[in-house]
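Let's take a walk through this one together. Have the model open and turn it as we go.

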Amino acid sequence: MSRLDRSILTGVAVTALSLTASGCVVVHGEREVLPGATRAEAAEALKEFTAAYNKADQAYDVSLDEDHTAGALAAIDAARLKAGKANNPGGNPSYTPLELTDAEFTIPKKAGWPRWFVADARGNKGGDVRWLLVFTRDGLDDAWEAAYLTLLSPGDVPEFKTDRDGWAEAVSANTAQLAVSPAKLSKSYTDYLQDGGEGFAAGAHTSAWRAQREKQATRPGLATQYIDEPLTDGDHAPLALRTADGGALVFFATRHYEKQTAASGASVPTPNRDVLALTEGEIKQALTMEFVSNEVALDPPAGAADDDVAILGRVQGLTAAKGQ
């Protein structure tokens with residue numbers, strides 16, 4: 001899922017009115033701690049997303065699901081569909097409908113907007129993995145949009161802290177109760193990718209990815225440079241759920257650039273059709289590719305004996321490229 005030139009893609013009650021002996025008292029959802037959605041609303045949001053995603057995937061038409069995606073997932077999905085349309089104007093010749101079954105919903109109680117929840121479902125694509133989709137909306141009249149998608153092995157999905165009614169706990173982005181606050185996690189991760197250091201557990205998306213980059217950077221006749229940037233604003237804001245052990249599962253986003261420059265007299269390896277479809281300019285001696293990635297991490301409680309953040313999953317897609 002971390003391969004750099006491939007996209008994986010493959011009702012809240014806001015205002016309550018109560019009557020008292022002294023008159024009307026209005027309780028505003030902006031201040032009241034409420035579940036982000038009912039379970040029925042969450043199930044309907046997942047159903048609507050899947051239907052829209054399948055229509056867009058079959059036709060390679062971003063307009064068919066753009067109202068159901070946001071943030072990192074929207075950027076990855078839009079680029080995937082754009083490349084698909086350029087290479088197959090008549091639609092997706094290998095279309096297979098996405099099916100999401102055995103869905104479980106983790107819905108946090110919180111005050112204010114955005115409201116959000118996590119859908120954890122079995123997909124018929126990607127092997128034996130769970131699809132974790134984070135749905136958000138910014139107001140009562142807005143549609144639910146999937147902002148994050150990550151794929152996890154069933155055993156990697158943690159147990160969440162819930163109250164007696166089954167509602168989960170949203171964790172503040174600026175909390176000091178975690179090893180790394182969710183607000184700082186995107187930058188901490190991109191700093192680690194650039195410079196190494198401590199704070200992240202070894203794994204496919206940390207130490208192994210850095211080793212892969214170092215190997216690519218030293219190929220004879222081809223210099224490869226990497227730039228990593230945090231994404232934290234608007235629909236890219238991190239979202240975190242309290243886990244049963246006091247830590248949190250954090251969804252966050254990053255942006256990555258890879259520039260390949262061929263030595264004098266040599267040429268950059270010819271990219272695949274999807275990369276070419278998203279490339280502006282002529283590839284002569286250099287190619288710069290831009291990727292957007294969304295990650296999910298286990299963030300331990302502050303002061304834990306093992307306080308390394310574990311990156312459990314990462315879905316990344318090419319969003320643009322430039323030839324020089």
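Y60 is buried in this predicted model, because its relative accessible area is 13% and the cut-off for buried is under 20%. You'll find Y60 in the loop between helix 1 and helix 2. Check its backbone while you're there: Y60 has a positive phi of about 50°, although it is not a glycine.

Y60 also turns up among the neighbours of G91. Leaving aside residues up to four places away in sequence, G91 touches Q58, A59 and Y60. G91 itself sits in the loop between helix 2 and strand 4, the strand spanning 100–106. With a relative accessible area of 9%, G91 is buried. Another way to place G91 is by its C-alpha atom, which is separated by 9.2 Å from that of A56, although the two residues are 35 apart along the chain.

Now for the two helices on either side of Y60's loop. How do helix 1 and helix 2 pack, and at what angle? Helix 1 covers residues 39–59 and helix 2 covers residues 71–87; their axes are 9 Å apart and make an angle of about 30°. Angles under 35 degrees count as roughly parallel, so helix 1 and helix 2 are roughly parallel to each other. On the helix 1 side, the residues that meet helix 2 are F49, Y53, A56, D57 and A59, and their partners in helix 2 are L73, D77, R80, L81 and K85. Sorted by class, that contact has 6 nonpolar and 4 charged residues, with no polar ones.

Strand 4 has a backbone oddity of its own. D102, found in strand 4, has a positive phi of about 55° although it is not a glycine. Is D102 buried or partly exposed? At 45% relative accessibility, D102 counts as partly exposed.

Further along, look at the peptide bond between W113 and P114: this one is cis, with omega about 0°. P114 is in the loop between strand 5 (108–110) and strand 6 (115–123). P114 leads us to a pocket, too. The second largest pocket is lined by 19 residues, and P114, W116, A237, P238 and L239 lie nearest its centre. Strand 8 (145–152) and strand 11 (239–242) are the elements that give two or more residues to this lining. The pocket has a volume of about 290 Å³. By class, its lining has 13 nonpolar residues, 3 polar and 3 charged.

Next, swing round to helix 4, residues 207–217, where W209 lies. W209 counts as buried, because its relative accessibility is 0%. The C-alpha atoms of W209 and L193 are separated by 8.2 Å, with their positions 16 residues apart along the chain.

Last stop: L276, in helix 5 (residues 273–277). L276 is partly exposed, with a relative accessible area of 41%. Which residues does L276 touch, not counting those up to four places away in sequence? They are P271 and I283. There's also a link back to helix 2, which runs over residues 71–87: the C-alpha atoms of L276 and A83 are separated by 8.3 Å, although the two are 193 residues apart along the chain.

Technical notes
Residues are numbered from 1 along each chain as its sequence is written. This is a predicted model: local features need pLDDT of at least 70, side-chain atom pairs count only at pLDDT 80 or more; totals for chains, interfaces and linings use all residues. Side-chain values use heavy atoms; hydrogens and water are left out. On a 1 Å grid over the protein atoms alone, a cavity is a set of points where a 1.4 Å probe fits but cannot get out, and a pocket is an open set with protein on both sides within 12 Å along at least five of seven lines; lining residues have an atom within 4 Å of a point. Grid points are joined across faces, edges and corners, and a volume is the space filled by probe spheres set on the points. Helices (H or I, at least four residues) and strands (E, at least two) are DSSP runs, numbered from the N terminus. Ala, Val, Leu, Ile, Met, Phe, Trp, Tyr, Cys and Pro count as nonpolar, Asp, Glu, Lys and Arg as charged, and the others, Gly among them, as polar. Buried means under 20% relative accessible area, exposed over 50%, partly exposed in between (1.4 Å probe, protein chains only). Contact means heavy atoms within 4.5 Å. Axes are lines fitted to C-alpha atoms, for helices over the stretch in contact, and angles run from 0 to 180 degrees between N-to-C directions. Angles under 35 degrees count as roughly parallel, over 145 as roughly antiparallel, 65 to 115 as roughly perpendicular and the rest as oblique.
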